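Colleague: Could you pick one part of this model and take a close look at it for me? I'd like one connected account rather than a list, with your cut-offs spelled out as you go.

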Amino acid sequence: MSDRRRLVFTLLLLLSASCLPAQRPAPLSSAPLRIAAAADLQPVLPPILQAFARQTGIRADASYQSSATLATQIINGAPFDLFLAADTSFPQRVIEAGRAEETQPVPYARGTLVLWTRNDSGVPALNPEALTSGAVRSIAIANPEHAPYGRAAQATLEHWHMLNAVRPKLRIAENIAQAAQYADSGNAQVGFISLTSALTPRLKADGHFTPIPPDDHPPILQGAIVVRGAAQSQAAHRFLEFLRTPAIAHTLAAEGLEPAS
Amino acid sequence: MDLQALWLTLRLAATTALVLMAIAVPVAFWITTTRSRWRPLVEALTTLPLLLPPTVLGFYLLVLLGDRTFVGRAFAHWLGHPLAFSFSGLVVGSVIYSLPFAVQPLTAGFHSVDPALIEQARLLGAGRLRLLREILLPLSIRSVVAAAVLCFTHTVGEFGVVLMIGGDIPGATRTLSIAIYDQVQDFSYAAANRTSLLLLAISLVALIALYARQHHQERSRA
């Protein structure tokens with residue numbers, strides 16, 4: 001009998017836990033602006049969201065994932081208002097699925113690719129020649145199949161005529177943040193990573209970088225779209241304008257994202 | 001520490017465990033007692049979520065529950081919002097994802113009950129419900145508790161499915177495991193460590209409670 005009582009007790013415990021009320025975040029304005037943001041914006045966006053809330057009274061929540069995942073989710077009806085992608089191909093897919101207000105992705109920033117290494121990695125100098133030398137045994141890049149910074153890294157290596165020579169050294173990461181983790185954790189000696197990652201306090205403390213000349217690869221243009229039928233469509237457009245005001249463009253540039261034009 | 005995510009995770013795990021027990025007990029009972037030729041198919045189907053990578057399972061659910069399919073639109077019409085990217089959507093995903101963790105221990109537990117006992121109960125005129133309530137459940141109580149605890153902890157640590165159908169919305173679908181992922185992506189390793197520690201602590205306490213109970217039972221029986 002006591003066995004059964006224990007079971008009833010366990011079930012009651014589960015039941016009471018499942019009936020607990022959902023905790024609601026303290027509202028600033030009734031419905032927040034929901035932003036689907038590419039993973040490379042994670043170090044950059046939070047202070048800008050706060051500035052936007054201070055200036056307009058509109059609270060904005062961002063969800064960070066890879067642009068590919070976010071695009072798939074939006075196409076399948078995710079309740080986002082604004083999509084800030086890491087390139088223009090993913091917003092383009094959302095447009096083609098009929099889920100965007102725009103007919104063209106709105107470029108809002110241009111990413112910078114850098115070559116990064118830990119201070120204790122034993123790589124004497126960060127230049128293209130080092131990559132083919134025996135001193136560098138492993139190079140982290142983001143997956144060129146779907147990560148914009150990965151595509152740029154591959155284009156750069158092709159431009160330097162060394163893609164085939166370094167191919168056995170490449171360590172392919174799922175996204176650009178992971179490429180930075182490969183390099184920062186020492187699992188890859190050098191890494192093609194985003195300037196936004198390289199400028200975070202952690203990576204600044206652990207290593208150093210040289211920017212890749214912008215002419216060595218097609219530009220990493222980051223595009224945005226407002227989701228069709230968004231609950232906060234107006235706020236989304238306002239935020240897009242806000243991103244391109246000189247003050248915010250300046251902040252973005254200091255964090256590693258240049259103005260798009 | 002992301003208390004909102006902790007809260008959400010506990011609610012999700014408890015709800016999932018409850019729903020799963022309600023589904024899995026009848027299913028396991030049917031598997032144990034049926035002579036139907038469909039039994040292998042049902043057993044295979046309930047094991048299938050173990051084979052699919054969670055993100056793939058999540059992707060299929062995302063497409064199925066999204067508003068491009070009839071099922072997704074029907075749910076959206078019925079609930080007033082799309083099922084994906086909501087708490088109820090996560091419950092549906094978690095139930096499917098953890099189904100084997102409920103059905104397997106229950107089936108094993110029911111099977112371990114002496115068949116002669118079941119046969120006698122039947123001969124004495126016990127109906128199926130009474131058989132389940134008074135013979136199978138009491139005699140395999142450890143499996144029942146084990147199934148509930150496994151479902152709970154498995155849901156606490158769930159990642160791939162939530163990543164795909166959740167959309168990382170604070171207060172609605174951002175669970176602890178997603179919060180940890182966010183923190184790692186953001187190079188906030190210290191915060192990620194703290195959150196992971198909490199996740200481990202919750203699971204550890206649940207498992208210790210389970211095994212301590214079983215140990216206690218074994219000793220009191222001996």
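Modeller: Below I start from one strand of chain A and work outward to the sheets, the domains and the other chain.

A bit of housekeeping comes before that. This is a predicted model, in which local features need pLDDT of at least 70 and side-chain atom pairs count only at pLDDT 80 or more, while totals for chains, interfaces and linings use all residues. Residues are numbered from 1 along each chain as its sequence is written, and chains are lettered from A and ligands numbered from 1 in the order in which they are written.

The strand I'd look at is β10 of chain A, residues 220-226. Strands here are DSSP runs of E with at least two residues, helices are runs of H or I with at least four, and both are numbered from the N terminus. Of the 7 residues in β10(A), 6 are buried, where buried means 20 or more other C-beta atoms within 10 Å of the residue's own, exposed means 12 or fewer, partly exposed is in between, and C-beta atoms are placed from the backbone.

Now for its neighbours. β10(A) runs antiparallel to β3 of chain A (residues 82-84), with 3 bridges joining them; A:F83 has A:I225 as its bridge partner. β10(A) also pairs with β4 of chain A (residues 106-111), again antiparallel, over 5 bridges, and there A:R110 is matched with A:L221. Pairing, by the way, takes at least two DSSP bridges between two strands.

That places β10(A) in an open sheet of 6 strands with mixed pairing, ordered β2-β1-β3-β10-β4-β11 in chain A. Its edges are β2 (60-65) and β11 (257-258) of chain A, each pairing on one side only. Out towards β2(A), the strand β1 of chain A (residues 33-38) runs parallel to it over 6 bridges, and A:I35 sits opposite A:A62. Lying across β1, β2, β3, β4 and β10 of chain A is helix α11 (residues 233-243), at about 155 degrees to β10(A). Such angles run from 0 to 180 degrees between N-to-C directions, and the axes are lines fitted to C-alpha atoms, for helices over the stretch in contact.

A:L82 gives you a good view of how this packs. Leaving out residues up to four places away in sequence, A:L82 touches A:L33, A:I35, A:A224, A:V226, A:V227, A:A236, A:F239 and A:L240; contact means C-beta atoms, placed from the backbone, within 7 Å.

There is another sheet to keep in mind. Chain A also has an open sheet of 5 strands, β7-β6-β8-β5-β9, with mixed pairing. Here β7 (170-173) and β9 (207-211) of chain A each have a single partner strand, so one side of each is left without a neighbour in the sheet. The average twist from one strand to the next is 30 degrees. β5 of chain A (residues 113-118) pairs antiparallel with β9(A) over 5 bridges, with A:W116 opposite A:F209.

How do the domains divide this up? Chain A is assigned domain 1 (29-110 + 220-258) and domain 2 (113-211), with bounds from an automatic or database domain assignment. Their C-alpha centres are 27 Å apart, and the contact draws on 12 residues of domain 1 of chain A and 14 of domain 2 of chain A.

Finally, the core. The largest nonpolar core has 133 residues, and those with the most contacts inside it are A:I74, A:L82, A:F83, A:L84, A:A179 and B:A147. Such a core is a set of buried Ala, Val, Leu, Ile, Met, Phe, Trp, Tyr and Cys residues joined through C-beta atoms within 7 Å. Its largest share, 12 residues, comes from helix α5 of chain B (residues 87-111). Both domain 1 (29-110 + 220-258) and domain 2 (113-211) of chain A give residues to this core, so it lies between them. As for chain B, it has 11 helices and 0 strands, and buried residues make up 43% of its 222 residues. One of its buried residues is B:A148, with 27 C-beta neighbours inside 10 Å; B:A148 belongs to helix α8 of chain B (residues 141-156).

How values were computed: Two residues are in contact if their C-beta atoms, placed from the backbone, lie within 7 Å.
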